[in-house]
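Hello,

I am passing a structure on to you, and I hope you enjoy looking through it. Please open it alongside this note.

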Amino acid sequence: MQPRRNTWQREAVRAALAEARGFVSAQQLHQGLRDGGSTIGLATVYRALAGLAETGEADSLQSPEGENLFRSCATQGHHHHLICRSCGATVELSATVVEEWTKRVGAEHGFTEIEHVVDLFGLCERCRS
């Protein structure tokens, strides 16, 4: 992986992502930056988000609707998410039982080097009430 330059655009995306509550789309982040007076382009936001996800500075997932969403990563290493479908509030989870299950299922079928993504979506307590 080639080191990425720290441009003002990348720093603007990093800062906006850190301020966002929960997961956001590139379009949402772009609109927020534009509303704040930035001249950054949407394609640049996409590239910066992809770069942040690649280096582990951002989490990336696909919503149940199929949209790519991003958030500033608070946990290093492999983890999972519990995400509110309504407000986007997110809890980072280490799910040992999931890790053990994936290894066992892979081994039962002769697979090794198993990779997986597990993100759980529901309604948080605040949105339920």
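Below is what turned up in it, topic by topic.

**How far to trust it**

Please keep in mind that this is a predicted model. The protein chain has a mean pLDDT of 88, and 97% of its residues reach 70 or more. Confidence in the chain is highest in helix α2 (residues 26-35), at 96, and lowest in β5, where the mean is 85.

**Strands β1, β2 and β3**

A good place to begin is β3, which pairs with β1 and with β2. Strand β1 (residues 24-25) and β3 are antiparallel partners, joined over two bridges. Within that pairing, Ser-25 sits opposite Leu-69 of β3. β2 and β3 also run antiparallel, and here five bridges hold the pairing. These two strands make a hairpin with five residues between them, and Gly-66 in its turn has a positive phi of about 95°.

Along this hairpin, Asp-59 faces Arg-71 in β3. The side chains of Arg-71 and Asp-59 also meet in a salt bridge, at 3.6 Å from N to O. Arg-71 belongs to strand β3 (residues 68-72) and Asp-59 to strand β2, so this contact ties together parts that are twelve residues apart in sequence. Arg-71 and Asp-59 are both buried.

**Salt bridges elsewhere**

How many salt bridges does a search of the whole structure find? The count is six. As general background, side chains of opposite charge can pair when their charged atoms come close.

One of the six joins the side chains of Arg-10 and Glu-57, with 3.4 Å from N to O. This pair links distant parts of the chain: Arg-10 is in helix α1 (residues 8-19), while Glu-57 is in the loop between α3 (42-54) and β2 (58-62), and 47 residues separate them. Is each partner buried or exposed? Arg-10 has a relative accessible area of 7%, so this residue counts as buried. Glu-57, at a relative accessible area of 31%, is partly exposed. The pair also belongs to a network of salt bridges that links Arg-10, Glu-11, Arg-14 and Glu-57.

Another salt bridge brings together the side chains of Arg-104 and Glu-108, at 3.9 Å from N to O. Both residues are in helix α4 (residues 96-108), four residues apart, which is about one turn of the helix. Arg-104 has 45% relative accessibility and is therefore partly exposed. Glu-108 reaches 56% relative accessibility, so this residue counts as exposed.

**The sheet of β5, β4 and β6**

Next, have a look at the open sheet formed by three strands in the order β5-β4-β6, where the pairing is mixed. At the edges stand β5 (90-93) and β6 (119-122); each has a single partner strand, so one side of each is left without a neighbour in the sheet. From one strand to the next, the twist averages 15°.

On one side, strand β4 (residues 80-84) is joined to β6 by four bridges, and these two run parallel. On the other, four bridges join β4 to β5, which run antiparallel. Ile-83 is a handy landmark here, as this residue stands opposite Phe-121 in β6 and also opposite Thr-90 in β5. β4 and β5 form a hairpin, again with five residues between the strands, and Gly-88 in the turn has a positive phi of about 85°.

The two faces of β5 can be told apart: Thr-90 and Glu-92 make up the covered face, and Val-91 and Leu-93 the uncovered one.

**A nonpolar patch on the surface**

Which residues form a nonpolar patch on the surface? They are Leu-82, Val-91 and Leu-120, which together have about 240 Å² of accessible area. Val-91 is on the uncovered face of β5, and Leu-120 lies in strand β6. Leu-120 has 42% relative accessibility, so this residue counts as partly exposed.

**Where to look first**

If your time is short, you could start with the Arg-71 and Asp-59 pair, which is buried, then turn to the network around Arg-10, Glu-11, Arg-14 and Glu-57, and finish at the patch of Leu-82, Val-91 and Leu-120.

Happy browsing, and best wishes

Methods: Residues are numbered from 1 along each chain as its sequence is written. This is a predicted model: local features need pLDDT of at least 70, side-chain atom pairs count only at pLDDT 80 or more; totals for chains, interfaces and linings use all residues. Side-chain values use heavy atoms; hydrogens and water are left out. A salt bridge is a side-chain nitrogen of Lys or Arg within 4 Å of a carboxyl oxygen of Asp or Glu. Buried means under 20% relative accessible area, exposed over 50%, partly exposed in between (1.4 Å probe, protein chains only). Two strands pair if DSSP finds at least two bridges between them. Axes are lines fitted to C-alpha atoms, for helices over the stretch in contact, and angles run from 0 to 180 degrees between N-to-C directions. pLDDT is the predictor's confidence in each residue, from 0 to 100. Patches are made of residues with over 30% relative accessible area and no salt bridge: like charges are joined within 9 Å, nonpolar side chains (Val, Leu, Ile, Met, Phe, Trp, Tyr) within 5 Å. Accessible areas come from the Shrake-Rupley method with a 1.4 Å probe; for residues, only the protein chains shown count as cover.
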